[in-house]
Amino acid sequence: MSYEEWFEQHAQKHQKIVEKLLAKGLTQEQIIDYFEYENMAKEEIDFCPLYKMGKKCHDMEKLNCYLCGCPNFRFNDNGLDTYNGMKILSRCEIHNGSTIGHGGAVHQDCSKCTVPHHKAYVSKNFDFDWKKVMKKCKITS
Ligand code: SF4
């Protein structure tokens with residue numbers, strides 16, 4: 001799946017859940033809490049493939065899934081830049097994490113960074129519209 005496809009599909013899933021919660025009258029705080037890993041794995045099993053495996057993307061006791069994708073992530077399926085002749089398809093705006101080579105391209109590796117999964121970060125960067133928070137992620141060429 002391309003970054004673009006993941007981004008659009010995830011945005012739709014996210015929006016559907018938020019709209020459902022708003023219709024039920026949940027507050028911003030309650031919606032953020034709803035997106036805690038344990039609750040999401042129970043209530044929204046299709047939101048993340050890891051839920052079905054009983055796994056977390058990061059080894060954190062309190063992991064919030066609201067900003068999965070991360071506002072600091074930048075991608076372009078056609079390439080942001082090149083490195084040693086390989087396309088760089090993604091990177092981190094704040095230079096966290098590392099890079100990984102996969103499928104003949106260079107990708108951002110966020111596996112050791114927990115920035116967007118902390119509740120405080122989610123609260124600080126919150127919007128009911130996930131795409132608004134992620135508006136800088138997609139770089140068009
Ligand atoms: S390394 Fe961390 S801050 Fe950077 S894009 Fe990945 S999750 Fe976000």
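**Entry 1, overall dimensions.** I began with the radius of gyration of the protein chain, which is 16 Å and agrees with the value near 14 Å expected for a compact globule of 141 residues. I note at once that this is a predicted model, and I read the entries below with that in mind. I then looked up the extent of the C-alpha trace, which spans about 50 × 30 × 25 Å along its principal axes. Of the 141 residues in the protein chain, 21% count as buried.

**Entry 2, secondary structure and contact order.** I counted 6 helices and 6 strands in the protein chain, and I wrote down their order from the N terminus as α-α-α-α-β-β-β-β-β-β-α-α. Taking contacts between residues at least 6 apart in sequence, I found that 51% join residues at least 24 apart.

**Entry 3, domains.** I looked up the division of the protein chain and found domain 1 to comprise 1-70 + 114-132, while domain 2 comprises 72-109. The C-alpha centres of domain 1 and domain 2 lie 23 Å apart, and I find 6 residues of domain 1 in contact with 7 residues of domain 2. On the side of domain 1 that touches domain 2, I record 3 nonpolar residues, 2 polar and 1 charged.

**Entry 4, nonpolar core.** I turned next to the largest nonpolar core, which has 19 residues, and I noted Phe35, Cys65, Tyr66 and Leu67 as those with the most contacts inside it. The elements that each supply at least two residues of this core are α1 (3-23), α3 (37-43), β1 (73-75) and α6 (130-133). I place this core between domain 1 and domain 2, because both give residues to it. As background, I recall that nonpolar side chains tend to be buried together in soluble globular proteins.

**Entry 5, Cys65.** I followed Cys65 further, as one of the core residues with the most contacts. Leaving aside its neighbours within four places in sequence, I find Cys65 in contact with Phe35, Tyr37, Met40, Phe47 and Cys48.

**Entry 6, ligand shell.** Which residues are around the ligand? I listed Cys70, Asn72, Phe73, Cys92, Ile94, Asn96, Gly97, Gln108, Cys110, Cys113, Val115 and Pro116. I sorted the residues of this shell by class and obtained 8 nonpolar, 4 polar and no charged. Since domain 1 and domain 2 both give residues to the shell around the ligand, I conclude that the shell, too, lies between them.

Key: Residues are numbered from 1 along each chain as its sequence is written. This is a predicted model: local features need pLDDT of at least 70, side-chain atom pairs count only at pLDDT 80 or more; totals for chains, interfaces and linings use all residues. Domain bounds come from an automatic or database domain assignment. Two residues are in contact if their C-beta atoms, placed from the backbone, lie within 7 Å. Ala, Val, Leu, Ile, Met, Phe, Trp, Tyr, Cys and Pro count as nonpolar, Asp, Glu, Lys and Arg as charged, and the others, Gly among them, as polar. A nonpolar core is a set of buried Ala, Val, Leu, Ile, Met, Phe, Trp, Tyr and Cys residues joined through C-beta atoms within 7 Å. A residue is buried if 20 or more other C-beta atoms lie within 10 Å of its own, exposed if 12 or fewer, and partly exposed in between; C-beta atoms are placed from the backbone. Helices (H or I, at least four residues) and strands (E, at least two) are DSSP runs, numbered from the N terminus. The radius of gyration is taken over C-alpha atoms; the globule rule is 2.2 Å times the number of residues to the power 0.38. A residue is near a molecule or strand if its C-beta atom, placed from the backbone, lies within 6 Å of it.
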